[in-house]
There are 4 protein chains.
Amino acid sequence: MSFNTFGHAFRFSTWGESHGPALGAVVDGCPPGLKLSEADIQPFLDARRPGQSKYTTQRQEPDQVKILSGVFEGKTTGTPISLMIENVDQRSKDYGEVAKAYRPGHADYAYDQKYGFRDYRGGGRSSARETAARVAAGAVARLVIPEVTIRAWVAEIGGDAVDPAHFDVAEIGNNPFFCPDAQAAKRWEALVDGARKDGSSLGAIIACEATGVPAGWGAPVYAKLDSEIAAAMMTINATKGIEIGDGFAAARLRGEQNADAMRPGENGPEFLANHSGGTAGGISTGQPVFCRVAFKPTSSILTPVETVTREGTATEIITKGRHDPCVGIRGVPVVEAMMALVLADQKLLHRAQCG
Amino acid sequence: MSFNTFGHAFRFSTWGESHGPALGAVVDGCPPGLKLSEADIQPFLDARRPGQSKYTTQRQEPDQVKILSGVFEGKTTGTPISLMIENVDQRSKDYGEVAKAYRPGHADYAYDQKYGFRDYRGGGRSSARETAARVAAGAVARLVIPEVTIRAWVAEIGGDAVDPAHFDVAEIGNNPFFCPDAQAAKRWEALVDGARKDGSSLGAIIACEATGVPAGWGAPVYAKLDSEIAAAMMTINATKGIEIGDGFAAARLRGEQNADAMRPGENGPEFLANHSGGTAGGISTGQPVFCRVAFKPTSSILTPVETVTREGTATEIITKGRHDPCVGIRGVPVVEAMMALVLADQKLLHRAQCG
Amino acid sequence: MSFNTFGHAFRFSTWGESHGPALGAVVDGCPPGLKLSEADIQPFLDARRPGQSKYTTQRQEPDQVKILSGVFEGKTTGTPISLMIENVDQRSKDYGEVAKAYRPGHADYAYDQKYGFRDYRGGGRSSARETAARVAAGAVARLVIPEVTIRAWVAEIGGDAVDPAHFDVAEIGNNPFFCPDAQAAKRWEALVDGARKDGSSLGAIIACEATGVPAGWGAPVYAKLDSEIAAAMMTINATKGIEIGDGFAAARLRGEQNADAMRPGENGPEFLANHSGGTAGGISTGQPVFCRVAFKPTSSILTPVETVTREGTATEIITKGRHDPCVGIRGVPVVEAMMALVLADQKLLHRAQCG
Amino acid sequence: MSFNTFGHAFRFSTWGESHGPALGAVVDGCPPGLKLSEADIQPFLDARRPGQSKYTTQRQEPDQVKILSGVFEGKTTGTPISLMIENVDQRSKDYGEVAKAYRPGHADYAYDQKYGFRDYRGGGRSSARETAARVAAGAVARLVIPEVTIRAWVAEIGGDAVDPAHFDVAEIGNNPFFCPDAQAAKRWEALVDGARKDGSSLGAIIACEATGVPAGWGAPVYAKLDSEIAAAMMTINATKGIEIGDGFAAARLRGEQNADAMRPGENGPEFLANHSGGTAGGISTGQPVFCRVAFKPTSSILTPVETVTREGTATEIITKGRHDPCVGIRGVPVVEAMMALVLADQKLLHRAQCG
């Protein structure tokens, strides 16, 4: 029912538009006594920040977070944590064209049909700038689940995938693509730059893994961990698909291939595989929670596309401005944040019911 | 926070286990004055009912629904509609093995870790029998959205896909697989029967389309229509992936390929393609809403799999009983029901905010 | 948003009408592993059961509860607990008058205005029979909070109040009025019987005390324990007021009279008074939680009252049938149940956030 | 589950402490297209603003509201409306005593017990400054229900009540007490000033009436309009009781006195009385919605009270600072705001279900 809130026990609400004075998040339900300062949040915002390479939008936003409430003497108080990020680089360009005609692939037409009008400046609420607010909230969520390590990366751009044989965690931070395969990262430079120069854009697939999640988080039926993760990821701008574990590939396996066999281990049962992505019956198994998220190519492109005006006459539109040639790339910190937000919530929910 | 409830304005809660006396759903928030009797619900339960061909489980359940409340003189009153289905065919077999050891691929281990113990009879709450309750609730949801037509089908079994060139809606009801391609249905007979005879199982992909959804349902950010559909589908037993529109394939398109161009039409703007699956910015566009759902192969197989007992010793287990060789097949009415439940909810939510 | 559900972490939904086949409750979020059988619930239903003295309605309902799900081998499983009570004594009388004209004080007119029509048989969903379902759910809630003792009583009927000097807990179960003052109980016999013979009815005030609630349950602002209790009590049929601690009388005290002074005690701080009713800033203090609830006189009376028909013409109506001359009396087990349901929920919520 | 959010379809969340940099509210679910600027909100904040007479706290807060999101070209967009009010007059006094010992009547002890520590500066989150945020949100809610007129007043201070015979709406704005009785206002000057000089404080009762509410808002059982109003009012600082219509007095009426008789009127049925306070069966009847709210005396007094330190030793405490001698007075705009917030929510909820 709440359109701008996510979570149950650990919840957050975001507000703000692309071209308003600021945007922010209010985190509610956070446990008290956690050490928290702006310095715990800023690195995650910096990872998401635009303008850091030629492969992302050139909009320059410092994205400095301010904590306005909920922290006293460096610790969370258990009351709402209000986080605010000011918008700085709002270019005073003419939005006349966007105001008049619908950009295919964008929310323009749907917003007008729903609300009767729309804030056309930079997409208003549909802008991916909203994701800065959830990255900030996600940094707080991480403090709630110190036992969990979350790591996402770009697994594929424009159909060119990472080679599992070259997977190297340490590589993810070494290139502007969050790519764990140095060779793929090299290829993607040309790929993404080519798309940018063509006035086109590319899609991407992001993978995310959370290790350290104990068995028992989640719940059967309408609160399955799978469902919560799917809902979370599909709220991110430009996402069109989500899979847990083997996902769509599992639909092509036979039962005996897909079942993750078990054997006794030193610290309880061990699994011989993780086709399931760390969940069974909607509940975590203790294996790494793993998912993949599909991002469509950026809709804001310089290639002209047929469309109609608000008055219904035919026209063509190109979307000028400073856009990501592959919006999926900057999705990596956002996917991580959503995973943290889901898991923090699940930890508290599990504690509520099962003590 | 609610573990067994789905929806916001139009909500339903389900209850019941595989081997308890009954299962049911309570539908809340239903508009008053809709004509409703058991006859409006039963056909959907019949479509989902087991034991109708050799390709599904041989458990015989009449799945007769009773309306216990919320209807007066044949019309919904606006108060909760309680729907109950009695369990009839609970075979009094020995569950000793299942009680003692964890079935890989099942929820057994996760339940024990979460709750400390579990109802091992037929999987208890993790049984797909729960889906009967939501199919019943979904039949009520359909009455709320008479403007919408929902149709699902099996698009792929064990990696063998329907040929779009042979797609024929009329064919879906003509075979035991909900298959729109007569040739594929023929092939699947051998495929599924082979897996069954091998003591194995197959995964499947189900596609679902809702036509007649007006532009404007859904909401930006954490109430995206995409997110609601993804959450809904990922609550169904055995699902591991969901995509809207082109989904993962969109991640391999370029921006100009993926943008659904528009042109003036007789009744407002028309789209020249539907890569988006009927949503933009989380809001319906008026195009058909389209999604695909991945079902893993049934975990209950006769092939032995390595596992551990509750006490932690190594063993092997085979899952006897009457199981679907391809659980995805009977997922078709369930996917349709969840789509109806999401859309009925979205219609009411949109009406709440936008009048 | 949910019209028939109460609670957050520990939730229940009720369904059913006065003259349908049955009514029930679905309890969700209950911790696993609690011993539960019908015998744990039945005594509370028996306390609320009609027809036990001449001071309550003569409708004879055995109100036998059945547990349909959520319990395995005598213990809660953590999945939804479905409770059902069949309606037995539905007298096949003519509801013609009630169907045609609005009973002043009843929900008739409001239901027609909201829903366009109504189930007029015994009031349908507005019947106090719904409270049987919550008494059943409340019995489950009590298992979640074994540290808490809840006790309610009738403090006043028709303006005749219990004398605090005669208060005797043991007396509550000794008379048909849940009255802790033997002398008042004696007076009430004549008072209530007189009202019944006059074809009239009386209001009542119920007091409820929960001891053993530890300090720390509840939350500031919109989840204050006071607010949760007030909401809970005001959902009971015929309630028109609720006060916590001294309530309205506190508005007539001066600050130094109202402040509950503290001093060191053997087990932490002790309070020298309990004007606050066990809460401060919306959070429990460790003192007994205390509230009082006002019940209006039963609207179903034999005295004729001016009204209008559905068609809008003037008429008079008397409400025949088997009605409580003082509906507040049977409210005692219902008030206790709601207190238990709120506190069970608050315990789990506190555990979620604060561990 | 959400500790700092209120409402369902029309929701708001507040954040901020007494001595943080700012406080605010995020309003979600607001219909689009409503004209809104700071000027629509500021008058309500001004009415609540401290320091306007010697009968309220002398803290000087301009309470200037800023709209940070959700409005475009002067109209609500349907996306979250972020409202912020900066704290200005935070006196840099020594909170040493408050930090060390618990103030009886305050939330100090309960907070420490719940969270392990607390923000002692001005009460932190427990400060009545939070109500500025809801007054701002309430101003937005009023725009959603232009058909409704809401008016609250102080009906009683320290046991001295308004005389109904002298009730004059026009008088409410003419004195510093929101008092509709000029003679009572005169008496209260001495009464409140006397309490202030004594270092004591007084309680109050506020009445609130909403006219123009159509029949049909609210819902039976757990979403009764009465329950929603009670919950809303009991979230306000210092409230200890709430009654709808005749409330506790109804418990002393007989059935025929309490039933609001009906007769045909020009625009549908008319009621001959309003004992019910505008609700029946939890649903509005079309009569004025009426409630009364009890406020305890301010706990912050200069009279010393026995208490204990955090370490558990006995001490006495007096609460210096700039406090309201009767906190109920400034509750008037807050009660009005909560009524507006409930009714806006109910209007949207009714529209969702009943169209």
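# Briefing: strand pairing and chain interfaces

S1(C) and strand S2 (residues 11-16) of chain C are joined by two bridges and run antiparallel. The model is predicted. This briefing starts with the sheet in chain C. It then takes up a hairpin in chain D, the A–B interface and the C–D interface.

**The sheet in chain C**

- S1(C) and S2(C) belong to an open sheet of five strands, ordered S1-S2-S3-S7-S4, with antiparallel pairing.
- Strand S1 (5-6) and strand S4 (65-67) of chain C are the edge strands, and each of them pairs on one side only.
- Within the S1(C) and S2(C) pair, Ser13(C) in S2(C) is the residue opposite Thr5(C).

**A hairpin in chain D**

- Four bridges hold strand S17 (residues 305-308) and strand S18 (residues 314-317) of chain D in an antiparallel pair.
- Ala314(D) in S18(D) lies opposite Val308(D).
- Five residues sit between the strands of this hairpin.
- Gly312(D), in the hairpin of S17(D) and S18(D), has a positive phi near 95 degrees.

**Chains A and B: extent of the contact**

- Chain B brings 104 residues to the contact, and chain A brings 105 residues.
- About 8100 Å² is buried between chain B and chain A.
- Carbon and sulfur atoms account for 65% of that area.

**Chains A and B: polar and charged pairs**

- There are six salt bridges across the interface of chain B and chain A.
- One of them links Asp198(A) to Arg254(B), with the closest N and O atoms 2.8 Å apart.
- Between chain B and chain A, 39 residue pairs are in polar contact, counting pairs with both residues at pLDDT 80 or more.
- On the side of chain B that touches chain A, helix H3 (residues 108-115) of chain B gives the largest share, six residues.
- By class, that side of chain B holds 52 nonpolar, 34 polar and 18 charged residues.

**Chains A and B: a strand pair across the interface**

- Strand S11 (residues 239-244) of chain A pairs with strand S11 (residues 239-244) of chain B through three bridges.
- The two strands run antiparallel.
- Gly241(A) has Glu243(B), in S11(B), as its bridge partner.

**Chains A and B: symmetry**

- A turn of 180 degrees and a shift of 0.0 Å along the axis lay chain B on chain A with an RMSD of 0.0 Å.
- This is the relation of a two-fold axis.
- Which residue of chain B comes closest to the rotation axis? Ala231(B) does, with its C-alpha at 2.4 Å.
- Of the interface residues of chain B, 100% are also interface residues in chain A, so the copies meet through the same surface.

**Chains C and D: extent of the contact**

- Here chain D contributes 105 residues and chain C contributes 104 residues.
- Chain D and chain C bury about 8100 Å² between them, with 65% from carbon and sulfur atoms.
- Which three residues supply more than any other three of the area that chain D buries against chain C? They are Lys114(D), Tyr222(D) and Lys240(D), which supply 11%.

**Chains C and D: polar and charged pairs**

- Six salt bridges cross the interface of chain D and chain C.
- Among them is the pair Glu156(C) and Arg252(D), whose closest N and O atoms are 2.5 Å apart.
- The interface of chain D and chain C also has 39 residue pairs in polar contact, both residues at pLDDT 80 or more.
- The side of chain D that touches chain C divides into 53 nonpolar, 34 polar and 18 charged residues.

**Chains C and D: a strand pair across the interface**

- Three bridges connect strand S11 (residues 239-244) of chain C with strand S11 (residues 239-244) of chain D.
- These strands run antiparallel.
- Glu243(C) has Gly241(D), in S11(D), as its bridge partner.

**Chains C and D: symmetry**

- Chain D can be superposed on chain C by a turn of 180 degrees and a shift of 0.0 Å along the axis, giving an RMSD of 0.0 Å.
- Ala231(D) has the C-alpha nearest the axis in chain D, 2.4 Å from it.
- Of the contact residues of chain D, 99% recur in chain C, and the same surface serves both copies.

Technical notes:
Residues numbered from 1 in each chain as written. Chains lettered and ligands numbered in written order. Predicted model: local features only at pLDDT ≥ 70, side-chain atom pairs only at ≥ 80, totals over all residues. Heavy atoms only, no water. Contact = heavy atoms within 4.5 Å. Buried area = accessible area lost by both parts, 1.4 Å probe. Salt bridge = Lys/Arg side-chain N within 4 Å of Asp/Glu carboxyl O. Polar contact = N/O pair within 3.5 Å; in protein donor to acceptor, adjacent residues only side chain to side chain. Nonpolar A, V, L, I, M, F, W, Y, C, P; charged D, E, K, R; others polar. Pairing = 2+ DSSP bridges. Least-squares fit on C-alpha atoms with pLDDT ≥ 70 in both.
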